[in-house]
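Here are some exercises to work through with the structure on your screen. Try each task yourself before you read its solution.

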Amino acid sequence: RSSDLAGDSMSAVCACSVPVGSLIARRLPGAYFHDAWSVEPADPTLCALGQFLQAAQATPPWVNRLMSLRNRVVARLGLKDLGHLNGFDADKPVDRYKTGDRIGIFTLLENQPDEVILGDTDKHLDVALSVHQRPNPETGRVLVTVSTVVHTHNLLGRLYMLPVAPVHKLIVPSAMQAFG
């Protein structure tokens with residue numbers, strides 16, 4: 001699917017494969033759901049966590065409204081209220097984040113300059129999100145890939161993913177517009 005990466009616009013978000021050799025690729029076996037989206041960022045000098053923070057800070061308002069709705073609905077099922085994607089201290093320097101810190105709806109699991117893994121675990125599923133960057137083999141410019149991997153634990157997790165998976169495929173590319 002590398003041909004999906006080519007586009008008319010430098011900042012076009014495109015569906016792609018999870019990057020081979022990435023940290024998130026280790027989480028693929030047995031996944032119930034996974035996807036990946038790539039874009040050439042406007043600021044290629046940011047580290048992977050910096051790219052995530054930039055995009056999360058620019059979360060479209062409709063995404064936060066959906067998260068509020070999600071939080072109200074799942075509270076009745078005993079699941080976590082995750083807050084909002086941009087629910088973090090925007091003034092905190094990138095280098096002050098440590099593994100285990102909460103950043104919006106996620107916990108920082110792994111942090112390398114070229115890839116960050118964020119995630120959350122609840123009784124119904126585990127989700128991991130990667131922001132991975134590397135040179136685009138076609139252009140030589142930096143390419144940022146956001147990959148999501150979900151492992152469900154039970155029927156509730158699979159039922160949860162029925163509405164979440166299609167909405168996720170709208171949210172991630174929309175949020176990634178902040179990269180370009």
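Two rings of Phe, Tyr or Trp (its six-membered ring) count as a pair if their centres lie within 6.5 Å; planes under 30 degrees apart are called stacked, planes over 60 degrees apart edge-to-face, and the rest tilted. Keep in mind that this is a predicted model.

**Exercise 1. An aromatic pair**

Task: Find how many aromatic pairs there are, and work out the kind of pair formed by Phe52 and Phe106.

Solution:
- Step 1: Apply the rule, and the count comes to one aromatic pair.
- Step 2: The ring centres of Phe52 and Phe106 are 6.2 Å apart and their planes stand at 70°, so this pair is edge-to-face.
- Step 3: Now place the two residues. Phe52 is in helix α1 and Phe106 is in strand β4, so the pair ties together parts 54 residues apart in sequence.
- Step 4: Check how covered they are, using the cut-off that buried means under 20% relative accessible area. Phe52 is buried at a relative accessible area of 6%, and Phe106, with 8% relative accessibility, is buried too.

**Exercise 2. The order of the sheet**

Task: Write down the order of the strands in the open sheet, and name its edge strands.

Solution:
- Step 1: The open sheet has seven strands, in the order β1-β2-β7-β6-β5-β4-β3, with antiparallel pairing.
- Step 2: The edge strands are β1 (14–15) and β3 (102–103), since each of them pairs on one side only.
- Step 3: Start walking from β1. Two bridges join β1 to β2 in antiparallel fashion, and Cys14 has Ser38 in β2 as its bridge partner.
- Step 4: Go on to the next neighbour. Strand β2 (residues 33–39) pairs with β7 over seven bridges, again antiparallel, and here Trp37 is opposite Val146 in β7.

**Exercise 3. Following the hairpins**

Task: For each of the hairpins β4 to β5, β5 to β6 and β6 to β7, say how many residues lie in the connection.

Solution:
- Step 1: From β4 to β5 the hairpin runs through two residues. Strand β4 (residues 106–112) and β5 are antiparallel and share five bridges; Thr107 has Gly119 in β5 as its bridge partner.
- Step 2: From β5 to β6 the hairpin runs through three residues. β5 and strand β6 (residues 125–135) are antiparallel, with seven bridges, and Leu118 faces Leu129 in β6 across the pairing.
- Step 3: Between β6 and β7 there are six residues, and Gly140 in that turn has a positive phi of about 85°. β6 and β7 pair antiparallel over eleven bridges, with Ala128 bridged to Val149 in β7.

**Exercise 4. Covered strands**

Task: Decide how many residues are buried in β5 and in β7, then look at Val131.

Solution:
- Step 1: Strand β5 (residues 115–121) is mostly covered, with six of its seven residues buried.
- Step 2: β7 is mostly covered as well, with eight of its eleven residues buried.
- Step 3: Val131 belongs to strand β6, and with a relative accessible area of 1% Val131 is buried.

**Exercise 5. The largest pocket**

Task: Describe the largest pocket by its volume, its lining and the classes of its residues.

Solution:
- Step 1: The largest pocket holds about 880 Å³ of space.
- Step 2: It is lined by 39 residues, and the closest to its centre are Met67, Ile105, Val164, His168 and Ile171.
- Step 3: Ask which elements contribute. At least two lining residues come from each of α1 (48–57), α2 (61–75), β5, β6, β7 (142–152) and α3 (155–176). The largest share is that of α3, with eleven residues.
- Step 4: Sort the lining by class: 32 residues are nonpolar, four are polar and three are charged.

**Exercise 6. A lysine over a ring**

Task: Locate Lys92, and say over the face of which residue Lys92 lies.

Solution:
- Step 1: Lys92 sits in the loop between α2 and β3.
- Step 2: Lys92 lies over the face of Tyr97, 4.3 Å from the ring centre.
- Step 3: With a relative accessible area of 28%, Lys92 is partly exposed.
- Step 4: Compare sequence with space: Lys92 and His151 are 59 residues apart in sequence and 31 Å apart in space, C-alpha to C-alpha.

How values were computed. Residues numbered from 1 in each chain as written. Predicted model: local features only at pLDDT ≥ 70, side-chain atom pairs only at ≥ 80, totals over all residues. Heavy atoms only, no water. Buried < 20%, exposed > 50% of the residue type's maximum accessible area, 1.4 Å probe, protein only. Helix = DSSP H or I, 4+ residues; strand = E, 2+ residues; numbered from the N terminus. Pairing = 2+ DSSP bridges. 1 Å grid on protein atoms, 1.4 Å probe; cavity = no way out; pocket = protein on both sides within 12 Å on 5 of 7 lines; lining within 4 Å. Points joined across faces, edges and corners; volume = space filled by probe spheres on them. Nonpolar A, V, L, I, M, F, W, Y, C, P; charged D, E, K, R; others polar. Lys NZ or Arg CZ within 6 Å of the ring centre and 35° of its normal.
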